[in-house]
Amino acid sequence: MHITSLHRYPIKSCRGHAVTELPFDRLGPVGDRRLMLVDGNGRFLSQREIAAMATVVPYLEGETLRAEAPGLSRLDLRLLGEGTIRSVTVWGSEGLQAVDQGDEAAAWFSSAIDHNCRLVRFGSMTRNPISARYSPRADAETAFTDGYPVMATTEASLADLNRRLEQPVPMARFRPTLVVGGAEPWAEDGWQHVRMGGMELDGVKPCARCVITTTDQESGVRHTTQEPLRTLKQFRMQEGFGAIFGQNMVPCAPGVLRVGDEVMAT
């Protein structure tokens, strides 16, 4: 088995992009979901409610964010490490301290998704521990993810799903951090500990899937067929989780992953 693609998502729930190598720090992939759009109450915004977020394309170049969206001029924004602090919420993680990125960013992103919002950055002082129920270590942390820093999927599992669908879907619908080739279909379900290149990661729980999988990650169109979620519910339901696809993982230590790295799972 080997890594066939790696992906970074600079802003939570906006579009991601492929990279050839991905460094990791204590929070997970560097530059991954360290930025987030929030409403006036500090609650995170998601494609679950705002499908247009898929059409926002962000890139990080050092401390500069470059973002594009249909109908808007490109935003080039110098990110702030200090400034107005906002208390924000991601699911059950409340009171996370984030740095507001200013009125220019708020106006641009509000126009891009047609929803009043603020852009915030994960603060250097902030701690977002992984759920003690699943965390492999007491000190494991993440940034603005839904709960875990790494989402691993396999090409074989997508192929098995697609053969059950009238219209195949791309892997982008599942927004993976890394994709593995050469595995058996659904092998990731049993991954408890994985060595990839020079890194080791713990598999902690399967990923329960939601309506985002029915949203085209380029056009932002949500498909009325409810696929592939409807088909996943027919053969991939797991008690306590729902329809699952992919494995949530937590790195054991900082490092770097590269496309082509060998993958060994136990």
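This is a short dialogue on reading a sheet, a salt bridge and the open and closed spaces of a predicted model.

Biologist: Start with the sheet. In what order do the four strands of the open sheet run?

Modeller: Read a sheet by its neighbours in space. Here the order is S5-S11-S10-S9, and the pairing is antiparallel.

Biologist: Which are the edge strands?

Modeller: Look for strands that pair on one side only. These are S5, residues 35–38, and S9, residues 85–90. From one strand to the next, the twist averages 50 degrees.

Biologist: How many bridges join S9 to S10?

Modeller: Five, with the two strands running antiparallel. Take one position to fix the register: Val88 faces Leu96 of S10.

Biologist: What sits between S9 and S10 in their hairpin?

Modeller: Two residues separate the strands. Check the backbone there. Trp91 has a positive phi near 50 degrees.

Biologist: Next, S10 and S11. How many bridges do they pair over?

Modeller: Three, again in the antiparallel sense. S10 covers residues 93–100, and S11 covers 118–122. Follow the partners. Ala98 is bridged to Phe122 in S11. Val99 has Arg121 as its partner in S11.

Biologist: Which strands does helix H1 lie across?

Modeller: For a helix on a sheet, ask what it crosses and at what angle. H1, residues 103–113, lies across S5 and S11. Its direction makes an angle of about 120 degrees with S11.

Biologist: On to charges. How many salt bridges does the count come to?

Modeller: The total is 19. The rule asks for a side-chain nitrogen of Lys or Arg within 4 Å of a carboxyl oxygen of Asp or Glu. One of the pairs is Arg48 with Asp146, at 2.6 Å from N to O.

Biologist: Where in the chain are Arg48 and Asp146?

Modeller: Sequence separation shows what a pair ties together. Arg48 is in the loop between S5 and strand S6 (57–61). Asp146 is in the loop between S11 and strand S12 (150–154). They are 98 residues apart, so the link joins distant parts of the chain.

Biologist: Now the pockets. What is the volume of the largest pocket?

Modeller: Start with volume, then read the lining. The largest pocket holds about 450 Å³ of space. It has 23 lining residues, and the closest to its centre are Arg33, Arg48, Asp146, Cys207 and Arg209. Both partners of the salt bridge just discussed, Arg48 and Asp146, are on that list.

Biologist: Which elements give two or more residues to that lining?

Modeller: S12 and strand S15 (199–208) do. S15 gives the most, with three residues. By type, the lining has eight nonpolar, seven polar and eight charged residues.

Biologist: What about the second largest pocket: which residues are closest to its centre?

Modeller: Val30, Gly31, Arg34, Glu63 and Arg121, out of 20 that line it. Arg121 is also the bridge partner of Val99. This pocket has a volume of about 350 Å³. Its lining divides into eight nonpolar, six polar and six charged residues.

Biologist: And closed space? How many cavities of 30 Å³ or more does the search find?

Modeller: A cavity is a space where the probe fits but cannot get out. The search of the whole structure finds one. About 30 Å³ lies inside.

Biologist: Which residues line this cavity?

Modeller: Leu27, Gly28, Pro29, Asp32, Arg34, Thr142, Ala143, Thr145 and Pro149. Four are nonpolar, three polar and two charged. Arg34 links two readings: it lines the cavity, and it is among the residues closest to the centre of the second largest pocket.

Note on methods:
Residues are numbered from 1 along each chain as its sequence is written. This is a predicted model: local features need pLDDT of at least 70, side-chain atom pairs count only at pLDDT 80 or more; totals for chains, interfaces and linings use all residues. Side-chain values use heavy atoms; hydrogens and water are left out. On a 1 Å grid over the protein atoms alone, a cavity is a set of points where a 1.4 Å probe fits but cannot get out, and a pocket is an open set with protein on both sides within 12 Å along at least five of seven lines; lining residues have an atom within 4 Å of a point. Grid points are joined across faces, edges and corners, and a volume is the space filled by probe spheres set on the points. Ala, Val, Leu, Ile, Met, Phe, Trp, Tyr, Cys and Pro count as nonpolar, Asp, Glu, Lys and Arg as charged, and the others, Gly among them, as polar. Two strands pair if DSSP finds at least two bridges between them. Axes are lines fitted to C-alpha atoms, for helices over the stretch in contact, and angles run from 0 to 180 degrees between N-to-C directions. Contact means heavy atoms within 4.5 Å.
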